[in-house]
Amino acid sequence: MNVYDSGQILKMMHCENYKSTSSFVTADLIIVNTCAIREKAVQKVYSFLGRLRGLKKKNADLIIVVAGCVAQQQGIKLVERFPHIDIVLGTHAVYQLPDLIHEVKIKRHFIVETKMSDHIDEMDSAGNMPAQASEASSEISGFVTIMRGCDNYCTYCVVPYVRGREVSRKPELIVSEIENLVHGGVKEVTLLGQNVNSYGVKEGLTSFPDLLALVNKIKGLDRIRFVTSHPKDLSKQLIEAFGKLDKLCNHIHLPVQSGSNRILKKMNRKYTRESYLEKIEKLRDVSPQIAITTDIIVGFPGETDYDFEQTIDLIKTVRFDGLYAFEYSDRPEVPATRFSDKIVSDIKKERLQSLFKLQANVVSKKHQSLEGRIFPVLIEGTSKKQQKKNSASTSIEICGRTSENRIVNFDCPSHWGLDIDSLKGQIIDIKIEKIFSNSLWGVPIDKQISKAGALN
Ligand code: 5AD
Ligand code: SF4
């Protein structure tokens, strides 16, 4: 969500004739787009804002903007703590940024804009800005917000307070934004929302599976992904979409948070481990190779050894393809902050480590089973390793992703030529030959590339 918002901000500022810079030290305008989901993210914001104090002293004309969830939550308190901030931009005020910058330049006084609205129209007009307004238009993957906010109020989560109530965008505006992206070269789109499964329900719009079917028809688009799904709202129709829509990637992120029914109840998640496991089974019935990833919180208030064992057991049962796990942290305002029986830091750390150890094992075994298999890979560009190599190097390592969202690297065959830009966005078959903990390595099955010139 924040990456998407940052992209929107970039587009707007490019329209205002600002250019991105590789070093913020020389910038005229610094926008810090923040996340409040966990305590660690907020600490990072504060330490970065502290570093900006010296820059403002050297250059009084520098404009510093704090955007995102920390801005929404802290409002004026941010300026009290960091007087060098010029604009505090709440999550619903993103599209006012150009006007606020003009205002700050004239008034020379800070502005705090954290009003929330029930409308999403501003996003619609800005979402459809031409792709060429963005310097990042060479990307082959794009994000599109389909809804914002959340009405679920999980007891640990700050999102409903900082992003507001759930509001969905109209399907025709989403489709036209994706068409614009495709026109600018995008091949893969990720539909974004805090809980895409409840898309359109409140407004009586198209259902989420129907929206996926509409997006599936867009010419020139190759792949569709979406995040994130709430297990309680994962419908039969959506599960079936994995078997029906050819562009829908073979991956779902389905945050489970805990394997203990007692803790799920305290979290207000509104599903049980049994109903979660049932949905996993149905997904695998429809699409046996589907990659399933999840989020887990360890050390939720009152989590006993037995509760944690239940989580471990669920991981062993599901064998997730990927897992993001976090130590529980108190967030301002949310109910769980007031719960007693907080878990001490050492236990949270211990549980997190044992969970990661187990997951590393699961992934390593899963990856081994992929050796020798062939996957269509969407080429994204040069690999991370390649970017660190010196330019005199003769071979080029390329990076792409399978439909299951696994990263695959491979050496570009010499007869393909070295024009990586013409390879980006193509889907080619790769045979997996080596397995690493976070990626796969393979070789192209030859004579695949025919589009865009460079190869035959
Ligand atoms: N403490 C720890 N993790 C949290 N998450 C959300 N709120 C908290 C919190 N207070 C995690 C959840 C969610 C992910 C985005 O962040 O696992 O799915
Ligand atoms: Fe937060 Fe997701 Fe729960 Fe909404 S559904 S409150 S975003 S964890």
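The questions below cover the confidence, domains, ligand shells and local backbone of a predicted model.

Q: What is the average pLDDT of the protein?
A: Of the residues, 93% score at least 70. Residues 130–136 stay under 50, and residues 449–456 are below 50 too. Where pLDDT is low, the predicted coordinates should not be read in detail. For the protein, the average pLDDT is 91.

Q: How many contacts beyond four places in sequence does the model have for residues 130–136?
A: This stretch has pLDDT under 50. A contact here means heavy atoms within 4.5 Å. On that basis, the number for residues 130–136 is eleven.

Q: What distance separates the centres of domain 1 and domain 2?
A: Domain 1 spans 2–113, domain 2 spans 121–368 and domain 3 spans 374–444. Between domain 1 and domain 2, the centres are taken over C-alpha atoms, and their separation is 28 Å.

Q: How many residues of domain 2 take part in the contact with domain 1?
A: The domains concerned are 2–113 and 121–368. Domain 1 gives 22 residues to the contact. The number from domain 2 is 25.

Q: Which residue has a polar side-chain atom 2.7 Å from an oxygen atom of ligand 1?
A: The residues around ligand 1 include Arg-38, Tyr-156 and Ser-329. Tyr-156 has a polar backbone atom 3.0 Å from a nitrogen atom of the ligand, and Ser-329 has a polar backbone atom 2.8 Å from a nitrogen atom of it. The side-chain pair with an oxygen atom of ligand 1 belongs to Arg-38.

Q: What percentage of the area that ligand 1 exposes when taken alone does the protein bury?
A: Strand E11 (291–298) and strand E12 (322–327) each give two or more residues to the shell around ligand 1. Taken alone, ligand 1 exposes 400 Å². The part buried by the protein is 88%.

Q: How many charged residues does the shell around ligand 2 have?
A: Ligand 2 has among its surrounding residues Cys-150, Cys-154, Cys-157, His-230 and Arg-269. By class, seven residues of this shell are nonpolar and three are polar. Asp, Glu, Lys and Arg count as charged, and the number of charged residues in the shell is one.

Q: Which residue follows Val-227 across a cis peptide bond?
A: The bond has omega near 0 degrees. Its second residue is found in the loop between strand E9 (223–227) and helix H10 (236–244). That residue is Thr-228.

Q: What is the phi of Asn-17?
A: Asn-17 is found in the loop between helix H1 (2–15) and strand E1 (29–34). Although Asn-17 is not a glycine, its phi is positive, at about 70 degrees.

Methods. Residues are numbered from 1 along each chain as its sequence is written. Chains are lettered from A and ligands numbered from 1 in the order in which they are written. This is a predicted model: local features need pLDDT of at least 70, side-chain atom pairs count only at pLDDT 80 or more; totals for chains, interfaces and linings use all residues. Side-chain values use heavy atoms; hydrogens and water are left out. A residue is near a molecule or strand if one of its heavy atoms lies within 4 Å of it. A polar contact is a pair of N or O atoms within 3.5 Å; within protein, one must be able to donate a hydrogen and the other to accept it, and residues adjacent in sequence count only if both atoms are side-chain atoms. Accessible areas come from the Shrake-Rupley method with a 1.4 Å probe; for residues, only the protein chains shown count as cover. Helices (H or I, at least four residues) and strands (E, at least two) are DSSP runs, numbered from the N terminus. pLDDT is the predictor's confidence in each residue, from 0 to 100. Domain bounds come from an automatic or database domain assignment.
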